[in-house]
Amino acid sequence: MAGTVPVNIDGAQAMLAGEGYVAGRGLSTVVFLALKLGRPLFLEGEAGVGKTEIAKALAKGLGRRLIRLQCYEGLDASSAVYEWNFPAQMVAIRTAEASGGMDRQGLTEELFSSDYLIRRPLLEAMEPHAEGPPVLLIDELDRTDEPFEAFLLEALSDFQVTIPELGTIRAPEPPIVILTSNRTREVHDALKRRCLYHWVDYPDFDRELAILRARAPEAGETLSRQVVAFVQQLRSEDLFKRPGVAETIDWAKCLVALDAIALSPQVIADTLGALLKYQDDIARLQGSEAKRVLDAAEAALAG
Ligand SMILES: Nc1ncnc2c1ncn2[C@@H]1O[C@H](COP(=O)(O)OP(=O)(O)OP(=O)(O)O)[C@@H](O)[C@H]1O
Ligand SMILES: [Mg+2]
């Protein structure tokens with residue numbers, strides 16, 4: 001039932017499944033523990049394996065708000081927490097000057113009141129929410145730099161934010177924090193230590209088939225099994241960039257759009273762009289290679 005906090009690992013797994021997210025035992029366990037112990041959850045893994053989606057499914061399943069802080073190079077505290085609305089403040093000053101009515105003290109108080117505050121994700125996550133603590137997704141943390149990480153470490157340890165002009169805002173209950181990383185660089189140990197950790201791996205055949213059933217049910221059972229077997233086989237090849245689950249889903253949808261009912265070397269060659277995003281990888285699969293991978297996939301399906 002939406003809005004109920006799971007009481008055990010099975011409950012966590014069922015809640016995610018209810019939102020179309022297929023989680024294995026390991027992931028369900030850390031999700032349950034993160035909720036139970038109120039610890040941030042740090043998720044690492046390759047691109048497109050479902051890291052971001054976990055936070056979305058969790059927020060939906062719990063009936064909470066999802067607040068997302070998308071990280072990027074150069075992200076600083078003011079873009080993450082709050083900023084003063086400078087243009088609006090300027091307008092207010094001009095208006096006050098023109099009317100000549102307001103005293104200096106009153107104007108300052110007015111300009112630094114919450115009306116002129118722009119709330120960024122971390123501040124929003126610390127404010128009270130009627131439905132309960134929100135899910136705070138800090139996405140792609142590896143894209144930021146170390147100073148921001150240090151700042152985050154502090155924000156996550158006491159769940160409060162101080163705005164000099166307004167005072168300290170403390171979360172009534174800590175938000176549920178999910179951090180993700182594609183591991184383009186190692187995140188600092190100090191931050192990791194605060195969190196529960198889980199490596200989100202490529203799913204095995206059965207789990208990927210279950211994901212496809214949930215996310216692309218329009219692809220029939222036969223095609224879905226072939227697609228998953230092929231992608232699984234492809235991941236064992238020497239590629240520059242292996243396809244993620246997102247690509248599997250995309251590819252299945254493309255095949256359905258082309259009315260393909262089964263894989264053939266031709267249809268594979270025509271649709272490889274849904275699966276592989278580097279020309280070198282696509283070139284490797286031209287000609288007899290696609291057929292070889294397909295044969296291997298079919299042998300695995302039969303065996
Ligand atoms: N276990 C799963 N159950 C259901 N859907 C999944 C699962 N794993 C991945 N997906 C689907 O795959 C797609 C990609 O997932 P998502 O965006 O969460 O990946 P990501 O790991 O955050 O990738 P990136 O590192 O590129 O941001 C989504 O559409 C999601 O629905
Ligand atoms: Mg993501």
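This is a short dialogue on reading helices and one loop residue in a predicted model.

Q: What should I know about the model and its numbering before I begin?
A: The model is predicted, so local features need pLDDT of at least 70 and side-chain atom pairs count only at pLDDT 80 or more, while totals for chains, interfaces and linings use all residues. Residues are numbered from 1 along each chain as its sequence is written, and chains are lettered from A and ligands numbered from 1 in the order in which they are written.

Q: What span should helix α8 have, and how far apart are its end C-alpha atoms?
A: Helices are DSSP runs (H or I, at least four residues), strands are runs of E of at least two, and both are numbered from the N terminus. The expected span of a helix is 1.5 Å times one less than its number of residues. For the 13 residues of α8 (residues 146-158) that gives 18 Å, and the end C-alpha atoms are 19 Å apart, which agrees.

Q: Which residues of α8 are buried, and which are exposed?
A: An α-helix has 3.6 residues a turn, so residues three or four places apart point the same way. A residue is buried if 20 or more other C-beta atoms, placed from the backbone, lie within 10 Å of its own, exposed if 12 or fewer, and partly exposed in between. In α8 the buried residues are F148, L152, A155 and L156. They cover an arc of only 95 degrees around the axis, which puts them on the same side of α8; the arc is that of the directions from the helix axis to the C-beta atoms. E146, P147, E154, S157 and D158, on the other side of α8, are exposed.

Q: At what angle do the axes of α10 and α11 cross?
A: Two packed helices are described by the angle between their axes and the distance between the axes. Axes are lines fitted to C-alpha atoms, for helices over the stretch in contact, and angles run from 0 to 180 degrees between N-to-C directions. The axes of α10 (residues 205-215) and α11 (residues 221-235) come within 10 Å and cross at roughly 135 degrees. The two helices are therefore oblique to each other, given that angles under 35 degrees count as roughly parallel, over 145 as roughly antiparallel, 65 to 115 as roughly perpendicular and the rest as oblique.

Q: Where does K277 lie, and is K277 buried or exposed?
A: K277 lies in the loop between α13 (265-271) and α14 (279-284), and with 15 C-beta neighbours inside 10 Å it counts as partly exposed. The C-alpha atoms of K277 and F240 are separated by 9.4 Å, although these residues are 37 residues apart along the chain.
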